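Welcome, and thanks for taking a look at this one. Please have the sequence and the structure open beside you as you read.

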Amino acid sequence: MSQVYNWQLGRKMAYPFEEKHPDHQFAFVFNINRCIGCQTCSMACKSTWTFSKGQEYMWWNNVESKPYGGYPQNWDVKALQMLEKANPGKQEWDATKNGARRPYGAYGGMTMFEAASRRIGPEGPQRVLGYLPSDEEWRFPNTGEDAAKGPKGARGTYDKQGASLPEHNSWFFYLQRICNHCTYPACLAACPRKAIYKRPEDGIVLIDQERCRGYRKCVEACPYKKPMFRANTRTSEKCIGCYPRIEGKEELSNGTPWETRCMAACVGKIRMQGLVGIDKKTGDWSNDPQNPIYFLVKKEKVALPLYPQFGTEPNGYYIPPRWVPRPYLHQMFGPGVEEAIERYTAPSRELLAVMQLFRAQQAIIARFEIKEGPKVYETKINGKPWALFNDTVIGYDAKGNELVRMTVEEGLQKRPAERANSI
Amino acid sequence: MFLTFNDALCEILVENEFQDGLSKGDFQLRDSFRKQADEIYTKVTLRKRETSFFTLYRRFFSKLGYTERVKGILEEFSGGDGFPEECYFARTFREDEEGAQLSEDGVRLGFQIRAETLRDPEQCAYLLRHELTHILDILDPAFDYDTSRPLSEVSPSEESLFRDRYRTLWDLSIDGRLERKGFLPQDLKDRRASEFRSLFLNLGVEAAEQVFAALWNDRRPSSGELRQMVTGAVSLCAVLNIAAEIFGEGEFQPTFGPGSSCPLCQFPTHEWAEPTEELSRAVNEEYPAWEPTQGICSQCANRYLFTAAFSTNSPGITRKIIE
Ligand code: SF4
Ligand code: SF4
Ligand code: SF4
Ligand SMILES: [Zn+2]
Ligand SMILES: [Zn+2]
């Protein structure tokens, strides 16, 4: 195995292939706090890509209720348990060791790649620690929906006491999931046929349907369980990052790269997707604080990777839900949770402006600019003074064309008298 | 006898055998499959790929002896008149959905079976023998099987309780017969006993033991007798000539706990309602056989109280609910 640098873990790690990076990387931010669990995203993907025979149980995009939901069932619990079994009690972070190339500190535990050598399967050591979900585990995509976590040890009850932030006693939240188009894809690492590749232009990870022989090694290896087996073609399929849209081939877009279907359809306006530039030498994101994704992940650090400890360097980032007990969130998003929640709760002027860009239109925003406006409101958040400014944020595409212009305060539309009674 | 198996069922069993082989260091079976599968990917059109795979899996399934195993047991039962000529095995994921059914014209037999069951020779043999004994009973004119009328004349929820009882009482007699032939897996007798107890909660302990022994050891009830027996503890004892010993209301501590099924709606519940007199009256209006000792979930309780509140028969309840 070679050694590659994983900035989310703040260290090098073992990976079956040499370190190699695309020009740009497909990445996205989901704001968990705003999701209403409507599954419009799931339907947008399904009605575009997975509506055919053999794809009935295939949800490239799914939204599951945590802590009990999961598609396939218990995928994350199982993966975490496997890591624990391989390396008991040591999946820990040293958050004090942070710096420019290790924003969350250093991970001292094992990744799915590292732990694999300790698990000797029938065909020798696995390349990636993993398991193949049974048919049963794929059967109920939305199991556990809206089931809240109650008091410990008391099944089927919920805490009758009301609770206020920062942590609720009874809680659940929606977790939106698509393929993370990982920097170090486990699916790709595991495929004995070399049927999986990462596109050099945008880092989107695809399965070559001609090469695939249905061995399901990718299904077994992906810790997020995002490749899915299709019974009638006898091949595995996965989220394709809506690459025709990213390439500007959506018919209505006039050549402008558009965000994916699941992003564009989001009713709760929780999703933003884009491309970040990659420094080919270091593999780091090129410094680009005016790119909204870069801004949210690297500058404001308000959005965090999902289970970074798996080691694939996933490119999906989440603004963690404010009301959920912290140990649960630490396990899911790593040590950045406190800071992310703090910054989201009392957002900076810039952050508040950038949040207005979520789902304001369909095209990929490559750059934003803020024009300052007047102070319109003052209050205290967590004992500290906080002010709201009615700034204007402008989004541009990669060619510098203006895509959208939003103000922090929502505009008020006054209905003209002659339409007073119409809808 | 003509046998067919669901394709997904064949596939999963064959795949499991590959895994078993691999874990013993035996790659031969899996590799010979892959070689043939490769041919399908390269030489067969995409359109025909799925059916070609099914054929391949079926071939391995038979080669591994599954068909023979099932056939052997079916042949123990298939000598007599009217026994179906065709048998289909469908896949289910739930244990409580496993079973056999005869087509309306009686020429086909359908099984629902889990992959785990088919994989385990002992469990599979038991399930098949148990279900085939049901089928032989059904085919026997003396049993007088009749599905033309519902078991309850009163309500669907009572029908569902009666069905559970019908099935369980019949199962006692079937498993008793299997035990005498040495075909009963361990622990099953205890499980059947507790199933039986949970369906007749107000039957005294001694009477319950006698009923169980009668059905288990020496009595194959007819369908008509089963229909009578399901209606309650009194008629159960009467049909079997056993002195009835029935607990009244309040004497018997029910055993329903969190997560067990409500006898009325069949949904598992964590909230059992307090059975008040008003509630009993409200439920009994639609469901005379229900007794408070059987328990009722709070959802059902609300539903019956509301219905009663709006019917003219029980004045007085409305106000209480609204308060
Ligand atoms: S999420 Fe899974 S399927 Fe997607 S790139 Fe990462 S490892 Fe591969
Ligand atoms: S990016 Fe496209 S293919 Fe992937 S989940 Fe979203 S809609 Fe589906
Ligand atoms: S469309 Fe948006 S709000 Fe609705 S479930 Fe999907 S992510 Fe959540
Ligand atoms: Zn039975
Ligand atoms: Zn009920």
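## Proline turns in chain A

Let us begin with a proline: Pro166(A) sits in the loop that runs between strand S8 (124-125) and strand S9 (173-177) of chain A. The peptide bond leading into this residue, from Leu165(A) to Pro166(A), is cis, and its omega is near 15°. Please keep in mind that everything described here comes from a predicted model.

A second cis bond joins Lys66(A) to Pro67(A), with omega near 15°. Pro67(A) belongs to the loop between strand S4 (62-66) and helix H2 (75-86) of chain A.

## Gln39(A) and the shell of ligand 3

Which backbone angle of Gln39(A) is positive although the residue is not a glycine? Phi is the one, at about 65°. Gln39(A) is found in the loop between strand S3 (24-31) and H1 of chain A.

Gln39(A) also turns up beside a ligand. Ligand 3 has 14 residues around it, and those that come nearest are Cys35(A), Cys38(A), Gln39(A), Cys41(A) and Cys266(A). Sorted by class, the shell around ligand 3 holds eight nonpolar residues, five polar ones and one charged.

## Ligands 1 and 2

Around ligand 2 you will find Cys45(A), Trp49(A), Trp60(A), Asn61(A), Ile178(A), Cys239(A), Ile240(A), Gly241(A), Cys242(A), Thr260(A), Arg261(A) and Cys262(A). Two helices of chain A, H1 (40-49) and H7 (261-264), each provide at least two residues of this shell. Its make-up is eight nonpolar, three polar and one charged.

Ligand 1 has a shell made of Cys179(A), Asn180(A), His181(A), Cys182(A), Pro185(A), Ala186(A), Cys187(A), Val205(A), Cys222(A), Tyr224(A), Pro227(A) and Lys238(A). By class, nine of the residues around ligand 1 are nonpolar, two are polar and one is charged.

## The zinc ion in chain B

Moving to chain B, which atoms coordinate the zinc ion (ligand 4)? The donors are NE2 of His130(B), NE2 of His134(B) and OD of Asp171(B), at 2.0 to 2.1 Å. Along the sequence, these donor residues follow the spacing H-x3-H-x36-D.

His130(B) is part of helix H6 of chain B while Asp171(B) is part of helix H7 of chain B, so this pair ties together parts that lie 41 residues apart in sequence.

## Helix pairs in chain B

Helix H6 (residues 121-139) of chain B also pairs with helix H4 (residues 66-77) of chain B: their axes come within 10 Å and cross at roughly 30°. H4(B) and H6(B) are therefore roughly parallel to each other, and H4(B) passes H6(B) in a right-handed crossing. From H4(B), the contact draws on Arg69(B), Val70(B), Ile73(B), Leu74(B), Glu76(B) and Phe77(B), while H6(B) brings Pro121(B), Ala125(B), Leu128(B), Arg129(B), Leu132(B), Thr133(B) and Leu136(B). This contact of H4(B) with H6(B) counts nine nonpolar residues, one polar and three charged.

Helix H7 (residues 156-180) of chain B has a partner in helix H8 (residues 188-199) of chain B, with axes that come within 10 Å and cross at roughly 155°. H7(B) and H8(B) are therefore roughly antiparallel to each other, and the crossing of H7(B) past H8(B) is left-handed. On the H7(B) side are Leu161(B), Asp164(B), Arg165(B), Thr168(B), Leu169(B), Asp171(B), Leu172(B), Asp175(B) and Glu179(B), which meet Leu188(B), Lys189(B), Arg192(B), Glu195(B), Phe196(B) and Leu199(B) of H8(B). The contact of H7(B) with H8(B) has six nonpolar residues, one polar and eight charged. Asp171(B) thus appears both in this helix contact and among the donors to the zinc ion.

## A helix pair in chain A

How are H9(A) and H10(A) arranged, roughly parallel or roughly perpendicular? The axes of helix H9 (residues 326-333) of chain A and helix H10 (residues 337-345) of chain A come within 9 Å and cross at roughly 110°. That makes H9(A) roughly perpendicular to H10(A).

In this pair, Arg326(A), Leu329(A), His330(A) and Phe333(A) of H9(A) meet Val337(A), Glu338(A) and Ile341(A) of H10(A). The contact of H9(A) with H10(A) is made up of four nonpolar residues, one polar and two charged.

Technical notes. Residues numbered from 1 in each chain as written. Chains lettered and ligands numbered in written order. Predicted model: local features only at pLDDT ≥ 70, side-chain atom pairs only at ≥ 80, totals over all residues. Heavy atoms only, no water. Axes fitted to C-alpha atoms, helices over the stretch in contact; angles between N-to-C directions. Helix = DSSP H or I, 4+ residues; strand = E, 2+ residues; numbered from the N terminus. Parallel < 35°, antiparallel > 145°, perpendicular 65-115°, else oblique. Left-handed = near helix turned anticlockwise from the far one by under 90°. Contact = heavy atoms within 4.5 Å. Nonpolar A, V, L, I, M, F, W, Y, C, P; charged D, E, K, R; others polar. Near = heavy atom within 4 Å. Donors = N, O, S within 2.8 Å, 3.2 Å for Na, K, Ca; no water.
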